[in-house]
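Biologist: I am new to this structure and would be grateful for a close look at a single part of it. Would you please describe how the helices are placed against one another?

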Amino acid sequence: MNELQALASALEIEKAELRFYIQMATKAKNEKAKNMFLFLAREEAEHWDIFEENLIRKVAETGEIPAAIREIVEELTPKYEGTLSEIKAVELGMQQEKATWEFYEKAAEEAEDKKVRELFRRLAKIEEAHYELLKAQYDSVMKTGIWMDYQDFSLEVD
């Protein structure tokens, strides 16, 4: 996979995650769960913009128009059937964020362009922070039955 394919795939993955979190927010009954899913949707929308901007830059530099790698996008698209409980949505979100951050780490390792490499490294850290947010939320609900306010959790990355 070259870095153009990785960027094109990341753009599609972020779009799928954005769609997933919006769907989960619209179905959430708990207000704090809904707010967390909306927060994550906004984050994924920002990532989509970042990847789109960088893909356009690379296409302009190379003159190549890449295709996303269908197998990777399919593998990293959240999948579920029927209705998900809020806690099942958090579990699926955790799986999704972990798989995405691992893909971004691999893409960073393989990228030749320094800007692309740093982009994937930075976004991998953010996806890992999303995983940690979801995990903290999961642990809180499972242990206490109480949803945290997502703002109680820092997503700052170094």
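**The helices and their crossings**

Modeller: Helix 4 and helix 5 cross in a left-handed manner. The model is a predicted one. Two packed helices are described by the angle between their axes and by the distance between those axes, and the account below follows that order of ideas.

For helix 4, residues 86–110, and helix 5, the axes come within 8 Å and cross at roughly 160°. An angle over 145 degrees counts as roughly antiparallel, and helix 4 and helix 5 are therefore roughly antiparallel to each other. The residues of their contact comprise 15 nonpolar, 3 polar and 9 charged.

Helix 5, residues 114–144, also meets helix 1. Here the axes come within 12 Å and cross at roughly 25°. Angles under 35 degrees count as roughly parallel, so helix 1 and helix 5 are roughly parallel to each other. The crossing of helix 1 past helix 5 is left-handed. On the side of helix 1, the residues in this contact are Glu3, Ala6, Leu7, Ala10, Glu14, Glu17 and Tyr21. Their counterparts in helix 5 are Val116, Leu119, Phe120, Glu127 and Leu134. By class, the residues of this contact divide into 8 nonpolar and 4 charged, with no polar ones. A general point helps in reading such lists: an α-helix has 3.6 residues a turn, so residues three or four places apart point the same way.

Helix 1, residues 3–27, has a further partner in helix 2. The axes of helix 1 and helix 2 come within 8 Å, with a crossing angle of roughly 160°. That angle makes helix 1 roughly antiparallel to helix 2. The crossing of these two helices is left-handed. Among the residues of their contact, 19 are nonpolar, 3 are polar and 8 are charged.

Helix 2 may now be followed from one end to the other. At its N-terminal end, asparagine 30 acts as a cap: a side-chain oxygen of asparagine 30 lies 2.8 Å from the backbone nitrogen of lysine 32. Helix 2 itself runs through residues 31–62, which is 32 residues. At 1.5 Å a residue it should span 46 Å, and its end C-alpha atoms are 46 Å apart, so the expected and the modelled spans agree. After helix 2 comes glycine 63, which has a positive phi, near 80°.

Notes
Residues are numbered from 1 along each chain as its sequence is written. This is a predicted model: local features need pLDDT of at least 70, side-chain atom pairs count only at pLDDT 80 or more; totals for chains, interfaces and linings use all residues. Side-chain values use heavy atoms; hydrogens and water are left out. Helices (H or I, at least four residues) and strands (E, at least two) are DSSP runs, numbered from the N terminus. The expected span of a helix is 1.5 Å times one less than its number of residues. A polar contact is a pair of N or O atoms within 3.5 Å; within protein, one must be able to donate a hydrogen and the other to accept it, and residues adjacent in sequence count only if both atoms are side-chain atoms. Axes are lines fitted to C-alpha atoms, for helices over the stretch in contact, and angles run from 0 to 180 degrees between N-to-C directions. Angles under 35 degrees count as roughly parallel, over 145 as roughly antiparallel, 65 to 115 as roughly perpendicular and the rest as oblique. A crossing is left-handed if the near helix is turned anticlockwise from the far one by less than a right angle, and right-handed if clockwise. Ala, Val, Leu, Ile, Met, Phe, Trp, Tyr, Cys and Pro count as nonpolar, Asp, Glu, Lys and Arg as charged, and the others, Gly among them, as polar. Contact means heavy atoms within 4.5 Å.
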